[in-house]
Amino acid sequence: DNNNQYHQEANYRLALLDYENNNLEPILNFIDDNPNSDFTYSAIRSIIRYYKGLADTISEIAYYNKMINFFPTNPNALNSYGWRMSELEINLDDALEKTQFAVQLSNENPESQANIIDTKAEILWKLGRIGEAIETIEKAIQINPDKEYFVNQKNKFKNSLK
């Protein structure tokens, strides 16, 4: 088992080196060949960043979907998908659903949960559900009242009512 783990890590690191030299094939193969590896999440995030940098939204979303399929109960994966969809202003209903699930999954980590609640509020705002967005961001503020960003979000939502 340890040998397999070391083998996967070595393959991942070699694939990452190729990725850094603009050769995607090894890291794409690593992802396809190792869906349950501890390194697959990082590999997929690298590919997402690559396609985002190219402004290749179709490929970027395809890898977000792959990430969600491989890691359906990872709150960070769900949250990052939700936030990116809010930035792109697409798939917002799906993003809201996944982000709500991430909020539930993050009950044990309030700091992380507050950030996920912020994502949920942003999606609600983008959907035009401003009252719900304000109520939602207030929950994040209750968890972390010192985070100025959350207060700024609330003000942004309130100002959009005018």
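In this predicted model, Glu 135 and Gln 142 are exposed on one side of helix α8. The opposite side carries the buried residues of α8, namely Ile 130, Ala 133, Ile 134, Thr 136, Ile 137, Ala 140 and Ile 141. Viewed down the helix axis, these buried residues of α8 fall within an arc of 170°, so they line one face of the helix. An α-helix has 3.6 residues a turn, so residues three or four places apart point the same way.

The buried residues of α8 pack against two other helices, α7 (110–126) and α9 (148–159). Helix α8 itself covers residues 130–143, which makes 14 residues. From its first C-alpha to its last, α8 reaches 20 Å, close to the 20 Å expected at 1.5 Å a residue.

**The chain as a whole**

What secondary structure does the chain contain? The chain has nine helices and zero strands, and along the sequence its pattern reads α-α-α-α-α-α-α-α-α. The C-alpha trace spans about 55 × 35 × 25 Å along its principal axes. The chain comprises 162 residues, of which 44% count as buried. Among contacts in the chain with a separation of 6 or more, 52% are between residues 24 or more positions apart.

About 9,000 Å² of the chain is exposed, and carbon and sulfur atoms supply 45% of that area. The charged side chains number 16 positive and 24 negative, and the centres of the two sets lie 8 Å apart.

**Two helix positions**

Lys 52 is located in helix α3 (residues 40–53), whereas Ser 80 belongs to helix α5 (residues 75–88). Is Ser 80 buried or exposed? Ser 80 has a relative accessibility of 16% and the limit for a buried residue is 20%, so Ser 80 counts as buried. Lys 52, in turn, is partly exposed, because its relative accessible area of 42% lies between the limits of 20% and 50%.

Which residues does Lys 52 contact beyond its neighbours within four places in sequence? Lys 52 is in contact with Glu 60, Arg 84 and Glu 87. Of these partners, Arg 84 is 32 residues from Lys 52 in sequence, and the two C-alpha atoms are 10.0 Å apart in space. For Ser 80, with residues up to four places away in sequence not counted, the residues touched are Arg 45, Tyr 64 and Met 67.

**Two loop positions with positive phi**

Ala 55 has a positive phi of about 60° although it is not a glycine. This residue, Ala 55, is placed in the loop between α3 and α4 (57–70). Glu 89 likewise is not a glycine and has a positive phi, of about 55°; Glu 89 lies in the loop between α5 and α6 (92–105). Ala 55 is exposed, because its relative accessible area of 61% is over 50%. Glu 89 is also exposed, with a relative accessible area of 52%.

The accessibility values for the residues discussed individually are set out below.

| Residue | Relative accessible area | Class |
|---|---|---|
| Lys 52 | 42% | partly exposed |
| Ala 55 | 61% | exposed |
| Ser 80 | 16% | buried |
| Glu 89 | 52% | exposed |

Technical notes:
Residues numbered from 1 in each chain as written. Predicted model: local features only at pLDDT ≥ 70, side-chain atom pairs only at ≥ 80, totals over all residues. Heavy atoms only, no water. Helix = DSSP H or I, 4+ residues; strand = E, 2+ residues; numbered from the N terminus. Buried < 20%, exposed > 50% of the residue type's maximum accessible area, 1.4 Å probe, protein only. Contact = heavy atoms within 4.5 Å. Areas by Shrake-Rupley, 256 points an atom, 1.4 Å probe, with all protein chains shown as cover. Lys, Arg positive; Asp, Glu negative; His and termini not counted. Charge placed at Lys NZ, Arg CZ, Asp CG, Glu CD. Expected span 1.5 Å × (residues − 1). Arc of directions from axis to C-beta.
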